[in-house]
Amino acid sequence: MIKNENREAKVLAQNICMSVFKARRVIDQIRGRSYEEALMILELMPYRASYPILNLVYSAAANASHNMGLNEVDLFISKAEVNRGTLVKKLKPRARGRSYLIKKTTCHIKIFLKEKYKI
């Protein structure tokens, strides 16, 4: 009896300087799609969040082909998560010697690629 191994290629990017909601808008479009279809969607999307996600998908596919020996044609995005990261705090000078706190949001992005089952 031959067992199907649940091999997943995963990639994680931490502290990406963008809002969680902006990244989720892009991630929701590619979740569950094939690798090649996801690349086409990400290249044609007009959002700034699509560029780091495109690099992550490339990296996950490279991990799958190099480390696990999986074929890139048979891959699909099984899971994609966007979680909130730390706040980057900066001080901006204001009038009369005061300072103003600027909070920049970051996010963590995880992408999991799996191989399609052949029947």
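Here are three short exercises on this predicted model, each with a worked solution. Local features need pLDDT of at least 70 and side-chain atom pairs count only at pLDDT 80 or more, while totals for chains, interfaces and linings use all residues. Residues are numbered from 1 along each chain as its sequence is written, and side-chain values use heavy atoms, without hydrogens and water.

**Exercise 1.** Work out how strand 2 and strand 3 pair.

Solution. Start with the elements: strands are DSSP runs of E with at least two residues, helices runs of H or I with at least four, numbered from the N terminus. Two strands pair if DSSP finds at least two bridges between them. Strand 2 (residues 75–93) and strand 3 (residues 99–115) have 16 bridges, in the antiparallel sense. Next, find a facing pair: Val88 stands opposite Lys104. Finally, look at the connection: the two strands form a hairpin with 5 residues between them.

**Exercise 2.** Compare the settings of Asn15 and Arg96, using buried (under 20% relative accessible area), exposed (over 50%) and partly exposed (in between; 1.4 Å probe, protein chains only).

Solution. Asn15 has a positive phi near 55° and lies in strand 1; with a relative accessible area of 40%, Asn15 is partly exposed. Arg96 has a positive phi of about 60° and sits in the loop between strand 2 and strand 3; at 77%, Arg96 is exposed.

**Exercise 3.** List the contacts (heavy atoms within 4.5 Å) of Val57.

Solution. Leave out residues up to four places away in sequence; Val57 then touches Ile30, Tyr35, Leu39, Leu42, Ile77, Ile111 and Leu113.

Technical notes
Contact means heavy atoms within 4.5 Å.
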